[in-house]
Amino acid sequence: MKEFKLVINGRLTPGALSMDVMNPATGEVLVKCPRADAAQLEEAVAGAKAAFSSWSRLTISDRRARINAIADELESRTEEFARVLTLEQGKPLQDALGEIGGSVYLMRSLAEIDVPDRILKDDDEQKVIEHRTPLGVVAAITPWNFPVSTLILKITPALLAGNTVVAKPAPTTPLTSLMLASICNDHLPAGVFNMITDQNDLGALLTKHPDIAKISFTGSTATGQKVMQSAASGIKRVTLELGGNDAAIVLDDASVANVAPKVLAAAMMNAGQVCLAAKRVYVPSPLYEEMCDELARLADEIVVGDGMQQGSQMGPLQNKAQYDKVRALIDETRQDGNIIAGGVGHSGPGYFIRPTIVRDISDDARLVKEEQFGPVMPVLSYDDLDDVINRANDTPFGLGGTIWTSDPERGLEVAKRVDSGIMWVNQHMMVMPDIPAGGSKQSGLGAELGIEGYCEFTQNHVVYMAK
Ligand code: NAD
């Protein structure tokens with residue numbers, strides 16, 4: 001594997017420190033990767049601060065052209081990126097190709113956004129114009145489940161709006177982020193895009209830094225709370241995309257044969273490590289037996305294996321800490337419910353867990369109340385629609401959710417009553433670059449995507465001009 005470098009103020013730089021990056025499919029060290037220290041963080045922020053003035057004064061079309069050049073190069077290196085993504089993250093190569101292809105599409109689509117000045121008033125005495133100005137240096141902090149697409153979601157609108165960036169990936173998936181950073185560095189003026197890496201020790205320094213104007217963060221709710229506290233001192237702008245505990249509600253008119261494969265896919269995609277995964281499934285009592293049996297049958301068919309092996313449909317959990325957390329939840333579940341598929345690891349090394357279905361579990365079990373972020377799905381029964389909506393809403397989270405029915409209009413009415421930022425009826429993970437998305441309650445603050453997502457990287461600036 002090639003050498004990886006940090007990007008600091010226009011230079012590819014070795015880390016002051018280094019760290020091991022593991023392959024989650026083998027549990028072995030994949031490569032040594034540079035790790036920044038606090039002085040390198042300072043250099044990155046200083047570089048981004050110095051670059052802001054000239055970058056923000058370029059025209060938006062100049063900035064767009066450079067972003068499109070980055071997307072073109074990423075596209076031309078799709079295979080290379082996908083292979084490294086599978087090696088560091090664990091997802092099957094086919095899914096990794098999908099993440100890179102999707103990221104290219106996302107980058108190009110988000111780069112098209114334009115928010116022209118608005119004339120708010122124009123009369124005999126005055127003209128009032130609102131325009132959008134960039135904020136300054138943006139800290140972009142990403143998690144390990146979709147390292148490339150979560151980064152693209154942040155840096156595209158940030159750069160397009162005229163901000164400069166210091167990005168920091170999760171410690172366990174820094175490689176594709178560093179590769180992308182090197183491409184950005186080739187196409188952008190020195191200092192406009194910086195990337196440092198850490199072992200979970202620089203996030204707080206970065207978010208507290210007085211020269212950071214805006215923090216765009218994707219990760220857990222617990223860390224999101226710390227980010228918000230850090231932001232308070234400087235009244236920094238924050239966008240938080242946090243955890244979820246999305247309910248999948250199957251209505252009594254649904255066909256189990258139609259719905260079961262889709263609900264399972266909604267729960268098991270990326271080995272369940274998706275913020276918007278279906279994390280608990282509610283099924284009407286008359287359909288419960290059939291649904292449980294079908295989910296278990298389908299779960300047993302999923303091929304779990306090294307993402308580099310052809311035919312693997314589900315890879316390992318991304319890291320040892322997450323693997324241990326999910327194993328502990330499964331062990332607890334042996335007392336709380338009945339495991340009807342999976343429940344076991346995979347023979348040999350690596351952080352594999354077979355798709356696991358748990359039935360007869362109570363609403364109070366940790367697997368139901370907390371975000372498992374792994375391939376373990378609790379299936380619960382219900383008798384009354386109002387009651388199940390209350391149960392779905394009885395959570396501090398409010399990210400997404402799904403309704404499964406043979407009557408989409410009825411599904412829509414139920415979807416409206418679930419307190420979350422995004423709902424799907426009879427589909428899942430349909431996300432469009434021009435449609436904003438963001439969580440409610442403790443699942444987030446602000447939005448990503450669309451014009452709303454772009455505006456989060458800007459200040460609205462109003463000028464009253466006397467005539
Ligand atoms: P995490 O919160 O542990 O880490 C996320 C990032 O924050 C990492 O880069 C980490 O190094 C950094 N970090 C750690 N401590 C920090 C601090 N004090 N200040 C600033 N940054 C700090 O999350 P994770 O385990 O990497 O990701 C999984 C979580 O992310 C899940 O809860 C999942 O639901 C959530 N997620 C949400 C979305 C969304 O769009 N809502 C998308 C993907 C993942």
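This is a short tour of one protein structure, stop by stop. The model is predicted.

**Stop 1: helix α13**

Select residues 385–393, which form helix α13. Now highlight V388, I389, R391 and A392, the buried residues of this helix. How wide an arc do they cover around the axis? The arc is only 160°, which puts them on the same side of α13. A general rule helps here: an α-helix has 3.6 residues a turn, so residues three or four places apart point the same way.

Next, show what these buried residues pack against. Three of the partners are strands: β12 (246–250), β13 (278–284) and β16 (376–382). Helix α14 (408–416) is a partner too.

Before leaving, go to the N-terminal end of α13. D384 caps this end. Display its side chain: one oxygen there lies 3.3 Å from the backbone nitrogen of D386.

**Stop 2: the largest cavity**

Stay with A392. Add N245, R280, T395 and G400 to your selection. Together with A392, these residues lie nearest the centre of the largest cavity. The cavity has a volume of about 70 Å³, and 15 residues line it. Which elements give two or more residues to this lining? They are β12 and α13. Colour the lining by class and you get 5 nonpolar, 6 polar and 4 charged residues.

**Stop 3: the second largest cavity**

The model has 2 cavities of 30 Å³ or more. The second largest has a volume of about 40 Å³. To find it, select its lining, including A267, M268, K279, Q372 and M377. Helix α9 (256–268) supplies at least two lining residues, and β13 and β16 each do as well. By class, this lining has 7 nonpolar, 3 polar and 1 charged residues.

**Stop 4: S443**

Jump to S443, in the loop between β18 (424–425) and β19 (444–445). Is S443 buried or exposed? Its relative accessible area is 0%, so S443 is buried. Now look at its side chain. A polar atom there lies 2.6 Å from the backbone oxygen of G243.

Show the wider contacts next, leaving out residues up to four places away in sequence. S443 touches L240, E241, L242, G243 and G244, and also P396, F397, G398 and L399.

**Stop 5: the largest pocket**

Select N200, F217, G219, S220 and T223. Of the 38 residues that line the largest pocket, these are the closest to its centre. The volume of this pocket is about 1000 Å³.

Now trace the walls. At least two lining residues come from each of α7 (203–208), β10 (214–218), α8 (221–232) and α11 (320–336). Which element gives the largest share of the lining? Helix α8 does, with 6 residues. By class, the lining has 16 nonpolar, 16 polar and 6 charged residues.

**Stop 6: V104**

Finish at V104, in helix α4 (residues 93–111). Its relative accessibility is 3%, under the 20% cut-off, so V104 counts as buried. Which residues is V104 in contact with, beyond its neighbours within four places in sequence? Select A71, L74 and E75 to see them.

For a last step, draw a line from the C-alpha atom of V104 to that of N194. The two residues are 90 residues apart along the chain, and the separation of these atoms is 20 Å.

Note on methods. Residues numbered from 1 in each chain as written. Predicted model: local features only at pLDDT ≥ 70, side-chain atom pairs only at ≥ 80, totals over all residues. Heavy atoms only, no water. Buried < 20%, exposed > 50% of the residue type's maximum accessible area, 1.4 Å probe, protein only. Helix = DSSP H or I, 4+ residues; strand = E, 2+ residues; numbered from the N terminus. Arc of directions from axis to C-beta. Contact = heavy atoms within 4.5 Å. Polar contact = N/O pair within 3.5 Å; in protein donor to acceptor, adjacent residues only side chain to side chain. 1 Å grid on protein atoms, 1.4 Å probe; cavity = no way out; pocket = protein on both sides within 12 Å on 5 of 7 lines; lining within 4 Å. Points joined across faces, edges and corners; volume = space filled by probe spheres on them. Nonpolar A, V, L, I, M, F, W, Y, C, P; charged D, E, K, R; others polar.
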